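I am opening a notebook page for this chain. The entries below follow the order in which I looked things up.

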Amino acid sequence: MKKVLLPIDGSVRSLRTIDMVKQLCPAQQEEITLVMVLPDQMHIDGQFERERIWRKASQELETFAGLLKGWTVDTKLLRGSPGPEIVQFAREKGYDTLVMTRSSRGPLQKLGSVATYIVRNAQFLNLVIMREADQT
């Protein structure tokens with residue numbers, strides 16, 4: 001069974017990767033993990049606010065996982081800087097493939113900062129980085 005990592009930030013753009021995974025990865029043959037990275041703001045937010053944000057993100061991940069019925073799906077919340085956290089998690093847990101969308105910051109920027117970091121630092125992964133179709 002292959003292990004596929006699917007970074008999700010909650011944006012509509014990132015959620016479209018779930019549809020891509022459904023097309024690319026046969027159910028029952030792939031283990032999918034949805035991962036969300038929350039910024040580590042221990043010095044900014046109070047404890048109550050951090051816990052509220054963590055609970056909300058956990059609920060969102062579970063909702064997103066429900067969109068992959070028929071697949072083996074796990075969820076993981078991480079804290080820190082998204083690019084480094086995703087790469088470290090993928091390396092430590094032995095993922096084969098990562099599927100994500102690029103940032104939609106306009107025609108001049110090819111990849112967002114997280115995707116760029118992952119491309120540069122995760123040569124051990126098969127990467128699928130989806131560019132969204134132009135919205136007309």
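Which residues does Ile 86 touch, not counting residues up to four places away in sequence? I found Leu 5, Pro 7, Val 37, Leu 98, Val 114 and Ile 118. A contact here means heavy atoms within 4.5 Å.

Before going on, I note that this is a predicted model, in which local features need pLDDT of at least 70 and side-chain atom pairs count only at pLDDT 80 or more, while totals for chains, interfaces and linings use all residues. Residues are numbered from 1 along each chain as its sequence is written, and side-chain values use heavy atoms, with hydrogens and water left out.

**Entry: Ile 86, continued**

I placed Ile 86 in helix α3. Helices (H or I, at least four residues) and strands (E, at least two) are DSSP runs, numbered from the N terminus. Ile 86 counts as buried because its relative accessibility is 5%. Buried means under 20% relative accessible area, exposed means over 50%, and partly exposed is in between (1.4 Å probe, protein chains only). I also checked Ile 86 against Val 35: they are 51 residues apart along the chain, and their C-alpha atoms are separated by 7.9 Å.

**Entry: the chain as a whole**

I listed four helices and five strands. From the N terminus on, the order is β-α-β-α-β-α-β-α-β. The protein chain has 136 residues, and 38% of them count as buried. I then took the contacts with a separation of 6 or more: residues 24 or more positions apart account for 78% of them.

**Entry: strand pairing**

Two strands pair if DSSP finds at least two bridges between them. I found β1 and β2 paired in the parallel sense over six bridges. One bridge partner on record in my list is Val 35 in β2, which goes with Pro 7. β1 and β4 also run parallel, joined by two bridges. There, Val 4 has Thr 97 in β4 as its bridge partner.

**Entry: burial of β2 and β4**

Eight of the nine residues of β2 are buried, so the strand is largely enclosed by the rest of the structure. For β4 the count is five of five, so this strand too is largely enclosed by the rest of the structure. I looked at the two faces of β4 separately: Thr 97, Val 99 and Thr 101 are buried on one side, and Leu 98 and Met 100 are buried on the other.

Thr 97 is in β4, which spans residues 97-101. Thr 97 counts as buried because its relative accessibility is 12%. Leaving aside neighbours within four places in sequence, I found Thr 97 in contact with Lys 3, Val 4, Leu 5, Leu 125, Asn 126 and Val 128.

**Entry: nonpolar cores**

A nonpolar core is a set of buried Ala, Val, Leu, Ile, Met, Phe, Trp, Tyr and Cys residues joined through side-chain atoms within 4.5 Å. The largest one has 19 residues, and those with the most contacts inside it are Leu 6, Ile 8, Val 21, Ile 32, Leu 34, Met 36 and Leu 68. At least two residues of this core come from each of β1 (2-7), α1 (12-24), β2 (30-38) and α2 (47-65). A second, separate core has 15 residues, including Val 35, Leu 78, Phe 89 and Leu 98.

I followed up Val 21. Not counting residues up to four places away in sequence, Val 21 touches Leu 6, Ile 32, Leu 68 and Val 99.

**Entry: two partly exposed residues**

Leu 24 lies in helix α1. Leu 24 counts as partly exposed because its relative accessibility is 49%. Leu 24 and Val 99 are 75 residues apart in sequence, and 9.9 Å apart C-alpha to C-alpha.

Ile 129 is in strand β5 (residues 126-130). At 27% relative accessibility, Ile 129 also counts as partly exposed. From Ile 129 to Thr 17 the C-alpha distance is 9.0 Å, with their positions 112 residues apart in sequence.That is where I stopped for this page.
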